[in-house]
Amino acid sequence: MERTITEIRERPQEFLRSLNAEMYRRAYNEGLSLSAYVEQEMPQSEYKDGLDAFSRLIKAAGIKVRSFPAAGVWADKCEAFFKDERTRALFPEFCARQWRQVTYYDHHNTRAIYSDGDDPLDSVAHPVFKQVAGRWDKQVAAAIPAGMLIAITTPIDSDAYKAYYLQDNPAQSRKVRVGSGEDIPTAKLVGGDRQIQLWKFGRGLEMTYEEIRRMRIDKISLHLQRMAVQSEVDRVATIIDVMVNGDGNTGTTPTAYNLTALDSGATANNTTLKAWIAFKMKFANPYQCLVALAQEDIALKLALLNAGSANIPLSMMPANVAIGGFTAINPGLADGSGLGWTADAPANKVVASDTRFAIERVTEIGSNIQEVERFVRNQTQLITMTEVEGYAVMDANATKVLVNNA
């Protein structure tokens, strides 16, 4: 039954009056964040006000979470969240949204003083990716977002997970056609022999209760986003370790290639363009090298590979040069690879990955419910943002390692 205009207008206040810690539990039991849970009850399509449902609750509570100095509008102090149990119940999800803004590098608008993040086309109702634009110096994000290295995220409701791996026989699958009475080529999903380990990632922000109350909301948002960046660094370090060493199950470690084997004219520790292209060619169909991770010194060598006039590959020549130039068909050479440098990469190695297939992220839904309930019901001095996650190798063929000193 459709709601009347009056019911739609009163719904946020009605929902706010019923908000408490138990609603977080109901949301987590459905595999949802509180934002997604309330969006089901107050879909943006009914309001068309530029706010998602959670931001609508913030507005109903009369809490301004952003400052616009040019308009003379200032964010409220955090004490605005602590007026009663209902407004206090908004605060954990507000903090979680600041955290997710960094973790999932979402685009956020600045159109409304009540909106802490999502806009209609990039909200829980419309989870689409949009290219971030504008002031890069004002955007808080990790240099290497963990999500960039993830093929798929699997939510679970326990602390144990058994990964499954695809076993395919390329020789068998190369049959042009299946003759009458012959077996159809098959691939098989096989369960791992060991469970995937889950870790708790996150940070705690310790403050006195008075400091929390008196700080402007947009300032504490910035602190939370900065903390989320470091948590992303921790995630990336763990993902790289799983990429290189496997997830503990048989057959999950990648193939490694020595530099001098890829280019017989190269010497150890002296990366050549020929060796790098030969390494990328090891990603046979359907794989391609989308991301390469290395420590700073190795990444610098890759960035400065000699591509002078004596050795520009024909595939890289402009199409209008009349010397019989090539256009690479294989996307692994036609597309540029992302290059990231981090101290958590293994020394003297390049870890390259087809991030569409390589790593599965496993996350425990509602793992922080006790921390949320404790914050809502008590005057705690600690804001904790945690997630329990683990990483499994989906396809070991999607990751390869270049050994630069051999």
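Helices here are DSSP runs of H or I with at least four residues, strands are DSSP runs of E with at least two, and both are numbered from the N terminus. Load the whole chain and you have 14 helices and 11 strands to walk through.

Before you click around: this is a predicted model, where local features need pLDDT of at least 70 and side-chain atom pairs count only at pLDDT 80 or more, while totals for chains, interfaces and linings use all residues. Residues are numbered from 1 along each chain as its sequence is written, and side-chain values use heavy atoms, with hydrogens and water left out.

**The whole chain**

Color by accessibility. Of the 406 residues, 45% count as buried (under 20% relative accessible area; exposed is over 50%, partly exposed in between, with a 1.4 Å probe and protein chains only). The accessible surface, from the Shrake-Rupley method with a 1.4 Å probe and only the protein chains shown counting as cover for residues, is about 21500 Å², and carbon and sulfur atoms own 51% of that.

**Helix 4**

Now select residues 53–60. This is helix 4, and 7 of its 8 residues are buried, so the rest of the structure largely encloses it. The buried ones are A53, F54, S55, R56, L57, I58 and A60. Step on to G62, which follows the helix and has a positive phi, near 70°.

**A patch on the surface**

Next, pick Y164, L166 and L189, which make a nonpolar surface patch of about 350 Å². Patch members have over 30% relative accessible area and no salt bridge (a Lys or Arg side-chain nitrogen within 4 Å of an Asp or Glu carboxyl oxygen); like charges are joined within 9 Å, and nonpolar side chains (Val, Leu, Ile, Met, Phe, Trp, Tyr) within 5 Å. Y164 sits in strand 2, residues 164–167, and at 47% relative accessibility Y164 is partly exposed.

**The five-stranded sheet**

Finish at the open sheet of 5 strands, ordered 5-11-8-6-7 with mixed pairing; strands pair if DSSP finds at least two bridges between them. Which strands stand at the edges? Select 255–258 (strand 5) and 338–341 (strand 7): each has a single partner strand, so one side of each lacks a neighbour in the sheet. On average, neighbouring strands are turned by 20° against each other, direction ignored.

Zoom in on strand 6, residues 291–294, which pairs with strand 7 in the parallel sense over 4 bridges. Look for L293 opposite G340 of strand 7. Then add helix 12, residues 296–303: this helix packs on the sheet, touching strand 6, strand 7 and strand 8 (349–353), where contact means heavy atoms within 4.5 Å. Helix 12's direction makes about 150° with that of strand 7; axes are lines fitted to C-alpha atoms, for helices over the stretch in contact, and angles run from 0 to 180 degrees between N-to-C directions.
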